[in-house]
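Please open the model in your viewer and keep the selection tool at hand. The tour below goes from one selection to the next and says what is found at each stop.

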Amino acid sequence: MFSGGGIEKRGISKAVNKRSSSRRSSSSSTGSGSTSGSSSGSGSSSGSSSESGRSNNSGSSSGSGSGSGSGSTPLGSPPHVQMASHESLNSESKSSSLNSKLGHESAGSPSAGSPSPPKSVCSSSSTSTDQHHHHQLAHVLNATSKLTVREGTRTLRPDEPTLVPGEHMEGTAREVTYLCPYTGPKKGTLSVTNYRLYFRSPETDPPFELEVPLGVVSRIEKVGGANTSRGENSYGIEIFCKDIRNLRFAHKQENHSRRMVTEKLLQYAFPASHKLPFFAFEYCEQYPENGWTVYEPIAELKRQGLPNESWRITRLNEDYELCETYPAVWAVPAAASDTDLRNVAAFRSRGRIPVLSWIHPESQATITRCAQPLVGVSGKRSRDDEAYIQHIMDANAQSHKIFIMDARPSVNAVANKARGGGYESEDAYQNAEVQFLDIHNIHVMRESLRKLQEVCYPHIDNAHWLSNLEATHWLDHIRCVLSGALRIADKVESLKTSVVVHCSDGWDRTAQLTALAMLMLDGYYRTIPGFAVLIEKEWLSFGHKFAQRIGHGDDRHQDEDRSPVFLQFVDCVCQVMKQFPHAFQFTEDLLITVLDHLYSCLFGTFLYNSERERMEKEVKTKTVSLWSLILSNPSDFENPLYNPATRHHVLFPLTSMRHLCLWDKYYCRWNPSMRPQEPVHIRFKELLHVKGQLERRVDELRRELAARQTHDSPRVTSAIV
Amino acid sequence: MLNYKRPVDVPEEVDNGKVEPNLLPGEIKIAEANNVLKFAPLKTNKTGISGTLFVTNFKVSFVTSLPVDSKEAELHERSLQSHYLGVHDVCLSEVDLVYQISEGSTKKKRLLYNAPLPARVSGLQLVLKNLRVFNFCFKFTPAGEDVRIGQALLHHAFPPSIDHLFLSCGHPSPFTGIPEFCLAQDWEKELQRTRCPNWRVSKHNEFFNLCSSLPTVVVVPRDLLDAQLEQAAQHFQGTRPPVWCWGALGGAALVRMAQISPNISDKISVTKSMGTLQRRKLEEESQQQENRMMGLVHRCHPKKLQPTIIDLDQKLPSLKDVNISYIKLRELHTPDDPTQFWEQDRHYFSRWESSRWLSYVSKCLEVAQNAASAIAHHNSSVILQESEGRDMSAVISSLVQLLLDPQVRTLRGFHSLIQKEWVALGHSFCSRLGHTRNQPEEQSPVWLLFLDCVHQLSLQHHAALEFTSEYLLALWHASHCSLHSSFMFNSVNAKYSAKAVLQRENPQQPVYLRPVWSWWAEDHDWLGSEQNGSSESVKGRRSAARDLFLNVHYIQNLMESLVVSGALGRLRDPVSSAHHTWHRIQYLLGDSGPLPYDPNAPLGPLQIDASLRVDVALSSLKPWHECFSGWISEPSVTINEIDSLSRQSTTTVQHWEHVRQIYYTIKSHLSETLTNGVAE
């Protein structure tokens, strides 16, 4: 597939670009400043002036920010004009997005019988069925930028994307073929901006469009060499995405467009590796709601009823000195002094001491989270740590017991002793019961997702679909996480007993467990703002290493630290949601949007590893929050079936395999043959709409009738007279 | 296997009068056992409830004063036999397997109908055909009662012939408006409705002389004389000549045909003197007959297009395959204890796959889809050929009609379809579902396979059918209850004979065999009111079940069509489509009587361009959990088994609420205009 030999014949500079990722990253880091220069040099050496010309061109345009030459019309307009044009598009998109179908009906052309319902909430651009999979992403992007109108009413060239504020064109390649695994090759124009890749083919009606935020890209490979590529469409690039799909583009060798595209893609897909800022720092959309204010740690603790006589709030970690991966504000047992906290921190991995996540409003049973104790092979003990756990237990008068939930399989917990870690011994911690939840580590999860991707994309082997799915163990892991969280929720709710949760470092499995248990226990987290708070609190503030796990802007696609831990959590949320369709204020569209922007780097929310890093990079002031988008467009995500009375209920989901299902709306969304069922909530929205219309019609008829009577009655009387 | 460490509810001696089961007219108590513990399977905390167990000639009845498990109650309410049976009752013909179970041991022993019982039976496990499991423990039962109840059960649950079952409750069926397809006029109406030319109704089978598994009237090519029909029938398996079952507007017909008889020589002439030459001659003759029949179908087509012949024996799984697959699923869904449950759960998906059930569903849908497109797109007649033409051809023929004929997707149309394709054309329900103890090798739940296909169809087109998957499931459960005569017999002829036998045995009592459709028109609760609640709640319960059985999305679509401007104004104009729609909505929402359709109106004519497509890819098909694991509760991981919040089943409640509100808005508007109109 990748014919390295052919490349090496062409010249050293190219070969460097072409090899494994580590080589590539080193080459780019050494010559980051002069990348465009060196590449154009190699281009001219290969003999084509047109290619070098174009790559120079786009290189200069990226530097100056103003367009010149052939492929960069949109850059010609000054920024404020662009903004204005976007706003005008905004207003249009509002009418045509969510209620496109409903609006269409009210316009007076109702389709009798069975009207084809809208497939996704925000879909409005292209509705051809074979474009289903591209369409889905368009929906998300539309939700993002609120730029839904693609056809007409704009002065930009039709084969270029509508840009979001802060986005600019970087390069355009014509006569590129997108090798769609479902609908076959399509020829069109490929554009690269500093935010996304955009492909448009006029061959179909409506035109075929594909948009991929570059943050989604995990790896870019060149396919075929100049002298080795014989067959049609054998020379091009393949783009591997973090959202379970691979895209292949074939270039015409004689156009010499591949190098420019690859270069631009590498540069903007992996800004961190090129010492460039994330696009989030350039994105300057204005949203009516400011998502950065959705989570205020003190306010959230106050909502839970803290501080109280047993729990206090401390700012001991304000400078992130005691624990650099923890938030600034902690809720800890009132009985523990600051000195105690320091001593406990010394005994917990990375200083991640047990800190309160959630407190039961009635029983005062709590969920606290931490990292593993530094027990080691010698079985070290810490009186302070033992006393601290006792304080946590004592803070709950309802129970004389405490559960320590170790998320790991017990074998792994034991193995960690060799590395200085381990778990609490029940002898040392009186009244504590240690339970292992058998959730595997990040490497197992990564491998599982890789297998799942193989099974789902691009084609599904129907004959072995179920057994292949089972062999990925993805649902098995989901089941494990869910039932672990269920166990925690049950201990807190049914036994009124406090639970301490940890894994090794307390930032992966622990975050999954506490967040899910809280979601089951507290209906607030099942509202749209509440869900944002949950993620901000349990995932972001407590230092789930998003940058590492996702690899934002980083080209080391084989990095061992990457793992779909957060995706797994969102999948679990979706499983619970499917079992309790009335208990969530939002729909799975919210979850999909969150996942898309987990990778997109459009928002600052998921960037970096900890609260501290985000403070240092001034993320809150320099980027937009994902929650701004979501809170500003709540109707796109609201679940019409939501029953607010469920807020006071605890959810105990079923966790056997037969009650879990693959989230095909996410994992199989690119496959047009996997048409997920029309969600009930959309059907319900339509029903409410029909109801409204019929009621209006009845009212009209009533008024008509009344009018006719008042009109008629004098005639009647006159007749009598 | 059961752990009796915590004997909950240690039975007290019942002294306040004897407990008696509720008996239907004609029902007789056969055996009883006191102080029996009934254990819910898979409950980790081993809760059992105590009561008295009875075996009658109709059911196994467990009578207790203790409250009912909410899940059991819910499932009971959505069954079509809740007016015959109590929550803890089991109709004898529902019993699939009986095991002897013993304390502290995980071993269980299958008991056949003729099995001798030991002196003491510590417990019995009943596995029902609908995969429900009952565990009864006789630890506190007086000696002797346990064995007597066991013997009575084994003897009566597996009768030697169908007429030993309790088939008549002594009351006539209410009028349902569903044709039985045993009269010439039923078929004639169907011919008219589908406007299929060149076919005629033949009454040549009047005394089942032609074929015992077909109804007395069949539809055959117009050019085929009765004498030729009789001659042809001899050459087909089961002496079943090809019969018409449905037609499309273009003139294409759907025909079910048996294979030609391979062992015709044995049948026609018992003399062994017949040489190979003669046999070959006969085979040739059969072949000629088959060709002639196909030629006739060909000539019936108004455009004389070639018919498409689909050999179902080749394309679809055999009856045995289907049964093996079902048995695998039964094993997967009747675990004995939580350990086994979780063990199975780990490989749940691959075990589903290895059962091959979904691949069979997929194949049926695929063949049906191909047949449907041959009819719809190529206007070609389709001949479904199968060994006797009573099993898979019923599945495919029914599916084709569901895909092509919107009338069939209504409740009434669906009832007619089942009556026609399954009951009248002789699917051998009795053998396939194992209602008697004869020929266990004949068992094969082809009927369930069909229902699952329809279930998948309703998943993919959830507003296309007027009824829900819950209703399909209720039909599956109902097909094991002997009081629903629809699914008890091998053929119409078998039904008549059974009826005659019953009548002869008991000349005073009239025998009434009630079709399952009578549930809809039923307003009577046959059991005493104590067990099923007051008679007030009968209506309430039925209307709750109705809401589950009728597809609210379908009604929503009907209402959507009233949004067309001016439609509301035309509601009372009898020729408008709005009037027609409103009429249907009124029936569905239950103002116009018990039936959700007008029983006197003719079935609507065939419409064009209303065909459905179904995605047959295995990854698009879903295991039917409500059917296969509906009775198992997941062994609880949590301490309390509090059902924190009702799960999915309630999603339609809100829908119904709004649909009703729309209905009442329009209705009140209509009555206003009516009064005003009168005033004018």
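Which residue in β14(A) is the bridge partner of A:Ile402? Bearing in mind that this is a predicted model, select A:Ile402 together with A:Ser498, for A:Ser498 is that bridge partner.

Next, extend the selection to strand β12 (residues 402-406) and strand β14 (residues 498-502) of chain A, which pair in the parallel sense over 5 bridges. Then add helix α13 (residues 383-394) of chain A, which lies across β11 (366-370), β12 and β14 of chain A and runs at about 120° to β12(A). Helix α18 (residues 509-521) of chain A also packs on the sheet, where it touches β10, β11 and β14 of chain A, and its direction makes about 165° with that of β11(A).

Now show the whole open sheet, in which 5 strands of chain A follow the order β10-β11-β14-β12-β13 with mixed pairing. At its edges are β10 (355-359) and β13 (432-436) of chain A, each of which pairs on one side only. On average, neighbouring strands of this sheet are turned by 25° against each other, direction ignored.

Finally, turn to the largest nonpolar core, which has 283 residues, and select A:Phe249, A:Phe566, A:Phe569, A:Tyr667, B:Trp447 and B:Phe450, the members that touch the most others. Helix α11 (residues 357-378) of chain B supplies the largest share of this core, 12 residues. Apart from it lies another core, of 36 residues, including A:Leu341, A:Ile389, A:Ala395 and A:Tyr429.

Technical notes:
Residues numbered from 1 in each chain as written. Chains lettered and ligands numbered in written order. Predicted model: local features only at pLDDT ≥ 70, side-chain atom pairs only at ≥ 80, totals over all residues. Heavy atoms only, no water. Core = buried A, V, L, I, M, F, W, Y, C linked by side-chain atoms within 4.5 Å. Buried < 20%, exposed > 50% of the residue type's maximum accessible area, 1.4 Å probe, protein only. Helix = DSSP H or I, 4+ residues; strand = E, 2+ residues; numbered from the N terminus. Pairing = 2+ DSSP bridges. Axes fitted to C-alpha atoms, helices over the stretch in contact; angles between N-to-C directions. Contact = heavy atoms within 4.5 Å.
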